[in-house]
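Student: Please take a close look at the sheet in this structure. I would like to know how it is put together and what packs around it.

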Amino acid sequence: MKAALVANLAHYTEWPEATWSVKHTLVCVAGRGPVVETLQGFDSQVLLGRRIGVSPRSRPADARDCQVLFLGEGSGRPQGEWLLEWTLGLAAAPVLTVCEGEDFVANGCMVGLQREGTQVAFDINFNALRRASLRLSSHLLRLARNLYGKP
């Protein structure tokens, strides 16, 4: 369920420049974990009328061409430190960053996914979105559990 939400976020995101194809979404993944593995299975599939491309990335500098970046579990370092490297490295880039856990949204990730029973809830960080000049659909904002830095 989390992977499908990540793959569909581009449908609800507005980027500052009209360079992204409305028929194709590049979802990048960094790290490891079940959501990363499931997302990789979406490569070349069509969701909500968009063809999804999934591509792994190993450094923040290599992720600037991504529309959506899911940050899974880092290896060999504390998770917070690893995620901070990625969110700081992409802070002003028009890349929608998605993480698991509300603590990471409060510290720079744009969208944080959290399981609540059988549902997936998410939090949104407006400050991080503003730095990257990204806007999320009002429909998506209404579904968010928490909104950090709301204007």
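Tutor: What follows goes from model confidence to the sheet, then to one pair of strands, a helix and the cores. The model is predicted, with a mean pLDDT of 89 over the protein chain; 96% of the residues reach 70 or more. Confidence by element is lowest on average in helix 4 (residues 102–106), at 79, and highest in strand 5 (residues 68–71), at 95.

The sheet is open and built from 8 strands with mixed pairing. Their order is 3-4-2-5-6-7-8-10. At its edges are strand 3 (46–47) and strand 10 (146–148), each of which pairs on one side only.

Within this order, strand 5 runs parallel to strand 6 (residues 96–100), and 4 bridges join the two. One residue pair to look at is Leu69 with its bridge partner in strand 6, Thr97. Helix 3 (residues 79–89) lies across strand 2 (24–30), strand 5 and strand 6. The angle of helix 3 to strand 5 is about 165°.

Now the nonpolar packing. The largest nonpolar core has 32 residues. Those touching the most other members are Leu39, Phe70, Leu96, Val98 and Val111. For Val111, contacts beyond the neighbours within four places in sequence are Leu9, Leu96, Thr97, Val98, Cys99, Val105, Phe122, Asp123 and Leu136. Thr97, the bridge partner of Leu69, is thus also listed among the contacts of Val111. A second core, separate from the largest, holds 15 residues, including Cys28, Leu71, Ala93 and Val95.

Definitions and conventions
Residues are numbered from 1 along each chain as its sequence is written. This is a predicted model: local features need pLDDT of at least 70, side-chain atom pairs count only at pLDDT 80 or more; totals for chains, interfaces and linings use all residues. Side-chain values use heavy atoms; hydrogens and water are left out. pLDDT is the predictor's confidence in each residue, from 0 to 100. A nonpolar core is a set of buried Ala, Val, Leu, Ile, Met, Phe, Trp, Tyr and Cys residues joined through side-chain atoms within 4.5 Å. Buried means under 20% relative accessible area, exposed over 50%, partly exposed in between (1.4 Å probe, protein chains only). Contact means heavy atoms within 4.5 Å. Two strands pair if DSSP finds at least two bridges between them. Axes are lines fitted to C-alpha atoms, for helices over the stretch in contact, and angles run from 0 to 180 degrees between N-to-C directions.
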